Structure formats: structure tokens, C-alpha cells
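This report covers one loop residue and one metal site. The sequence and structure are shown first.

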Amino acid sequence: MDECIFCRIKRGDLPATVVHEDDHCLAFHDKFPRAPTHLLVIPKKHLPDLNALGEEDKALVSHIMLTIPSIARKQGLEAYRMATNIGAAAGQAVFHLHFHILGGGPLSPL
Ligand code: 5GP
Ligand code: ZN
């Protein structure tokens with residue numbers, strides 16, 4: 001996992017503007033934002049993508065899904081989009097599971 005940039009951010013080896021941290025997940029600003037507010041929420045556990053989740057990750061996923069609205073609320077986002085890319089052909093560039101939170105202004109339709 002040494003080269004995974006999100007694991008490096010998690011360890012504090014790479015700088016990031018962190019807006020939330022708890023025992024299971026971390027949220028920080030995307031370095032190349034594509035919306036006025038563009039956050040990334042990652043599990044601390046290294047998982048390549050959504051497809052890598054197993055039964056043992058049920059509590060983790062549930063925790064992240066329950067935490068995202070609270071992060072968005074604290075960032076003042078009334079409306080936002082949450083998205084996760086699975087696979088390079090879908091646009092995934094970092095292979096550590098992450099949820100994009102995009103908001104702070106009108107978003108283009110999907
Ligand atoms: P993906 O394309 O894999 O769904 O999303 C990866 C995201 O990570 C992209 O939106 C990209 O801008 C962001 N990103 C890439 N490198 C860094 C980095 O070093 N720091 C932060 N904060 N975001 C990054
Ligand atoms: Zn990682």
C-alpha cells in the first residue's frame with residue numbers, strides 16, 4: 001500500500017485539507033476540484049473500489065454512508081452529488097475506494 005496516494009494522505013505523508021476524520025474514514029478536499037466544493041471521503045482501510053467490499057465491510061460502508069450527510073451538512077451543502085467510480089473505464093484514477101461529494105453550486109446533469 002506504500003504507493004497508494006490516499007493511504008499516504010491517511011498516514012499524513014501527503015498533505016491534504018482534511019475536513020473530517022474518525023476511526024474508520026477520512027474526508028478531505030479534492031486537489032483538482034470540479035465543483036465549488038469537491039470532497040473525497042475514503043475508508044481508512046485500503047480497498048481498491050466498491051467491488052472489493054466484502055460481508056466483513058458492512059459496518060464500515062454503513063458508517064461511511066451515515067457520515068457523508070453529516071460532512072456535507074457541516075460544509076454547508078444543501079444539495080450535493082455523491083459518486084464513486086469503479087474501474088478505469090468509468091474514470092477511476094485512484095484505486096483506493098473513495099466517494100466524491102460535489103456541491104456548492106449547480107451541477108451539470110449526469
Ligand atoms: P477518481 O478519478 O479515481 O474517481 O478520483 C480521484 C480523485 O482524486 C480525483 O478527483 C483527483 O482530482 C483527486 N486527486 C488526485 N490526486 C490527489 C492528491 O494528491 N490529493 C487530493 N486531495 N486529491 C487528489
Ligand atoms: Zn490506499
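## Loop residue Asp30

Asp30 sits in the loop that joins β2 (25-29) to β3 (37-43); strands are DSSP runs of E of at least two residues, and helices are runs of H or I of at least four, numbered from the N terminus. This is a predicted model, in which local features need pLDDT of at least 70, side-chain atom pairs count only at pLDDT 80 or more, and totals for chains, interfaces and linings use all residues. Residues are numbered from 1 along each chain as written, chains are lettered from A and ligands numbered from 1 in the order written, and side-chain values use heavy atoms, without hydrogens and water.

Asp30 counts as buried because its relative accessibility is 11% (buried is under 20%, exposed over 50%, partly exposed in between; 1.4 Å probe, protein chains only). Its side chain reaches the backbone nitrogen of Phe32 at 2.8 Å. Beyond neighbours within four places in sequence, Asp30 contacts His38, Leu39, Leu40 and His100 (heavy atoms within 4.5 Å).

## Zinc site

The zinc ion (ligand 2) has four protein donors, Cys4 (SG), Cys7 (SG), His46 (ND1) and His96 (ND1), at 2.1 to 2.3 Å. Donors are N, O and S atoms within 2.8 Å of the metal (3.2 Å for Na, K and Ca); water is not among the atoms, so sites may look incomplete. The angles among the four donor atoms are 104 to 118°, and the site is tetrahedral (four donors, all angles between 85 and 135 degrees).

## The two histidines

The donor residues of the zinc ion (ligand 2) follow the spacing C-x2-C-x38-H-x49-H. His46, in the loop between β3 and α2 (58-74), and His96, in the loop between β4 (80-83) and β5 (99-103), are 50 residues apart and link distant parts of the chain. His46 is partly exposed, because its relative accessible area is 21%, whereas His96 counts as buried at 0% relative accessibility.

Conventions:
A polar contact is a pair of N or O atoms within 3.5 Å; within protein, one must be able to donate a hydrogen and the other to accept it, and residues adjacent in sequence count only if both atoms are side-chain atoms. Four donors count as tetrahedral if all angles lie between 85 and 135 degrees; four count as square planar and six as octahedral if opposite donors are over 155 degrees apart and all others between 65 and 115; anything else is irregular.
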